[in-house]
Amino acid sequence: MNNKLPLFLLCFFPLTSFPQGSLTPLAGPTPTMKTLDQVEPRKPINATNTPGDVNSFFRITTSGSYYLTGNVTGVSGKNGVSIAANDVTIDLKGFTLRGVGSSLDGVHVESGNTRLTVRNGTISGWGGDGVDEIDGGATDGIYQNIHATVNGADGLRLNEKCVVTACKLDHNSGSGMSCGGRATIKDCTSNDNVLLGFYFGAGSILDSVASSNGSLGIQSFDEPVLIKNCVVFGSGDTGIRSDGGGKIVDCISRLNSFAGIDTGYYATVSNCTVKNNPIGIFVGGFSQIAGNMGEGNGDGIATYDDQNVIDGNQMANGGTGIHVLANSIHNLIIRNRVSHDPAFPATSYDIPADNRYGPIVDLTGVGTPAVSGNTAADTTTTSHPWANFVF
């Protein structure tokens, strides 16, 4: 029998070769675990990474990011952490950097090192400052979520161009926060410090509270400055003071030992409330005081220099409502309202010669009919657009 397949079957069933693949074994599994540096690229502050010296418990000498792994208690005669490099970030991670008797600063910046960031923890009980940038002349520091308390000098003693946000500064033997130059301050509280609550140069302070500080609550010593949405009370001196060029808006200042607000010169004070101060708003010169409310002050608004505009303010139940002091001239006083409790009458306006003012209209003794309806006659007794009132 012929064993050859017919040719036509080969056309339908061609012979095929099947590959067998590589005979080389596959490589084993590669590591998938991350190294410790990949998981936490920062360095812990400890004796290995940041060994101290004769002046410091820990000392950072290389730029980078560092963090605490637990509470740290310092020793007498030393700083807690000294910074000897630029561009250092310290995360306290919610822990406390705690000083002891005769210790130095909690965080101390050595000479010329800039751009320090410290955040998220407590710096307490140091013999010097909680943080000290000044001795090293540092600049451009950032401080966030710091509680600086019960330190022997300032809570934060900072230098030029600092940024301070969401910090609580209390019971320090110096000021809560002092900055030697420009500053940006927001959402902070400074209470019960022996000296000032906040002290800085030009810049801004927003949405912050200063209470029961031994000297001024907020002081800016340079211009320009914006002080907005701040609450100050119980200061041993003035509540809010701008030495010049300030805009103070939407603030409340109460129960301070001298003035609620001291504007300095070339300032604007608007939409503020001053209560129960010897002087509500104390005005230098060349300033605009407009749309403010005062109650229970000795003088509601008092000027001590020239060429101010005092416009549209309301002062109630105090001593003199608007008091232009002797030798203060060329001021313009218009559209203000002063009222007193009839049982405690006082002077409403005290304005010396050589000033300009709209008519002062006394409404205290004017009887008026009752109103019930949609219309009524004018009872202000004047149509003068710049009239001042007593009521």
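**Parallel strands, a nonpolar core and unusual backbone sites**

Leu-206 stands opposite Lys-228 in strand E23, a good place to enter this predicted model. Residue numbers start from 1 along each chain as its sequence is written, and side-chain values rest on heavy atoms, with hydrogens and water left out. Because the model is predicted, local features need pLDDT of at least 70 and side-chain atom pairs count only at pLDDT 80 or more, while totals for chains, interfaces and linings use all residues.

Strand E23 covers residues 225-228; strands, like helices, are DSSP runs numbered from the N terminus (strands E, at least two residues; helices H or I, at least four). On one side, E23 runs parallel to strand E20 (residues 203-206), to which four bridges join it; two strands pair if DSSP finds at least two bridges between them. Strand E26 (residues 246-249) is also parallel to E23 and is likewise joined to it by four bridges. In that second pairing, Val-225 faces Gly-246 of E26. The side chains of E23 alternate: Val-225 and Ile-227 point to one face and are buried, whereas Leu-226 and Lys-228 point to the other and are not. Buried here means under 20% relative accessible area, exposed over 50%, and partly exposed in between (1.4 Å probe, protein chains only). Just ahead of Val-225, Pro-224 sits in the loop between strand E22 (218-220) and E23. The peptide bond leading from Glu-223 into Pro-224 is cis, with omega near 0°.

Strand E12 (residues 142-149) takes part in several parallel pairings. Seven bridges connect E12 to strand E10 (residues 116-124), with Val-118 partnered by Tyr-143 of E12. Three bridges join E12 to strand E14 (residues 162-165), where Gln-144 has Thr-165 as its bridge partner. Another three link E12 to strand E15 (residues 168-170), and Ala-148 lies opposite Leu-169 there.

Several of these residues return around Leu-156. The largest nonpolar core (buried Ala, Val, Leu, Ile, Met, Phe, Trp, Tyr and Cys residues joined through side-chain atoms within 4.5 Å) has 63 residues. Those with the most contacts inside the core are Ile-90, Leu-156, Met-177 and Ile-218. Apart from residues up to four places away in sequence, Leu-156 touches Val-131, Tyr-143, Ile-146, Ala-148, Val-164, Cys-167, Leu-169, Gly-176, Met-177 and Ser-178, contact being heavy atoms within 4.5 Å.

Further along the chain, Ile-310 belongs to strand E35 (residues 309-311). Ile-310 counts as buried because its relative accessibility is 0%. Ala-290 is 20 residues from Ile-310 in sequence, and their C-alpha atoms are 6.0 Å apart. Beyond neighbours within four places in sequence, the contacts of Ile-310 are Ile-289, Ile-301, Thr-303, Ile-322, Leu-332, Ile-333, Ile-334 and Asn-336.

Two asparagines also invite a look at the backbone. Most residues other than glycine have a negative phi, and most peptide bonds are trans. Asn-120, in strand E10, has a positive phi near 65°. With 27% relative accessibility, Asn-120 counts as partly exposed. Asn-317 lies in the loop between E36 and E37 and has a positive phi of about 55°, although it is not a glycine. Asn-317 is partly exposed too, with 38% relative accessibility.
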